[in-house]
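Q: Could you take a close look at the side-chain contacts in this structure, the charged ones and the aromatic ones? I am in my first year, so please explain the terms as you go.

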Amino acid sequence: MRTMKTFVILIGLFLVVGSCVKNNPDPAWIEVTDWQLEVNPNSPIVNQDNYPGILTENISDAWVYINSELIGVFELPFKIPVLYEGDVEITIYPAVLNNGISATKKIYPFLSPYVINTNLVKNEIHTFTPATHYYETVNFEIIDFEGSFAILDGSGLASLNSSSDPSVLDPAINGSSFGRILLDETDSTYTGSTVINAGVLNMDLPSGTEVYLEIDYHNTSSITAGVISVESTGGVDNPHVRINAQDPSEVRWKKIYLDLRDIVSGSPNAQYFEFSFQAILDDGLSSGEINIDNIKAVYF
């Protein structure tokens, strides 16, 4: 899911630092290997609203600051030279690919930064595995396919069902089950949403602030995820991001973070929101499989 390639927003700063390092052969080195997503110890489960469900992550990047100065944005894992020594404060912010777009790396607003005070020594490699957690003020609306779940088939031919297929199931990601849509030339489409007017989700998502949809997926056919804004006159579907099919020989569980702020803020008449999904068997395929899990609306 990640490569060794480093993406740096502040290209000019990076070139200056690179030039300085070339002239000064004694930088300290910072190495960051991977992110660890942990349970927030200060956020006891009080009710469903602050229950994060199974913790999965695709934190692909890091914004790195030293003594409050931005060093750059880097794709994990990375090792960078820095012209600092002695006691410093290093702050590393978790970043994700916004809407799955590699060119848009954004600090994920619901996760805490990793802060460490350390002593940097010239010519030494300082290795960190930063940890993060959801802030205790974060709210969640979750479909995790454990037990009953609130998905309603619409006009599509295929159905979404719960599955525990051992060839796909990863207990660390799925618990005991996940959602599955099977497409073929006969049942070639799927349209579904969480149940409207059933009092199951009826998500009251906040306007004008950060709102995200997280999804874990394992798919050999594409699916489009979005939300329905439910108004007094009916539901308005807002298809948002198409999650492309994976090569069947390499398919695995992945995670995507979908930014819903514009949709929610652009629906001023919405009384509440529901998840929605659409799928059509991809051209050239006789069958396709879509597995999804840990569908989460995340917001403050």
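A: Here is a walk through the charged pairs, then the aromatic rings, and finally the places where the two meet. This is a predicted model, so local features need pLDDT of at least 70 and side-chain atom pairs count only at pLDDT 80 or more, while totals for chains, interfaces and linings use all residues. Residues are numbered from 1 along each chain as its sequence is written, and side-chain values use heavy atoms, with hydrogens and water left out.

Let's start with charge. Side chains of opposite charge can pair when their charged atoms come close. The term used here is salt bridge: a side-chain nitrogen of Lys or Arg within 4 Å of a carboxyl oxygen of Asp or Glu. Searching the whole structure turns up 10 salt bridges.

One of them joins Lys106 to Asp259, with 3.5 Å from N to O. This contact links distant parts of the chain, since Lys106 belongs to strand S7 (residues 105-107) and Asp259 to strand S19 (residues 254-259), 153 residues apart. Strands (E, at least two residues) and helices (H or I, at least four) are DSSP runs, numbered from the N terminus. How open are the two partners? Buried means under 20% relative accessible area, exposed means over 50%, and partly exposed lies in between (1.4 Å probe, protein chains only). Lys106 is partly exposed because its relative accessibility is 22%, whereas Asp259 is buried because its value is 15%.

Next come Asp165 and Arg180, whose salt bridge spans 3.0 Å from N to O. Asp165 sits in the loop between strand S13 (160-163) and helix H2 (171-174), and Arg180 is in strand S14 (residues 178-184), 15 residues apart. Asp165 has 21% relative accessibility, so it counts as partly exposed; Arg180 has 12%, so it counts as buried.

A further bridge connects Asp282 and Arg242, with their closest N and O atoms 3.7 Å apart. Here the loop between strand S20 (272-280) and strand S21 (287-299) supplies Asp282, while Arg242 comes from strand S18 (residues 234-243), 40 residues apart. Asp282 is buried, because its relative accessibility is 14%. There is also a network of salt bridges that links Asp61, Glu75 and Lys105.

Now for the rings. Rings of Phe, Tyr and Trp (its six-membered ring) pair if their centres lie within 6.5 Å; planes under 30 degrees apart count as stacked, over 60 as edge-to-face and the rest as tilted. The structure contains 10 aromatic pairs. In one of these, the ring centres of Phe110 and Tyr212 are 6.0 Å apart and the planes meet at 80 degrees, so the pair is edge-to-face. Phe110 lies in the loop between S7 and strand S8 (114-120), and Tyr212 in strand S16 (residues 211-219), 102 residues apart. Phe110 is buried at 0% relative accessible area, and Tyr212 is buried at 0% too.

Phe178 and Trp253 also form an edge-to-face pair, at 5.7 Å centre to centre with 75 degrees between the planes. Phe178 is in strand S14 and Trp253 in the loop between S18 and S19, 75 residues apart. Both Phe178 and Trp253 are buried.

Phe110 and Tyr212 belong to one aromatic cluster, together with Tyr108, Tyr135, Tyr257 and Phe300. Tyr257 brings us back to charge: the charged end of Lys255 sits over its ring, 5.7 Å from the centre. A charge sits over a ring if NZ of Lys or CZ of Arg is within 6 Å of the ring centre and within 35 degrees of the ring normal. Lys79 likewise lies over the face of Trp29, at 5.8 Å from the ring centre.
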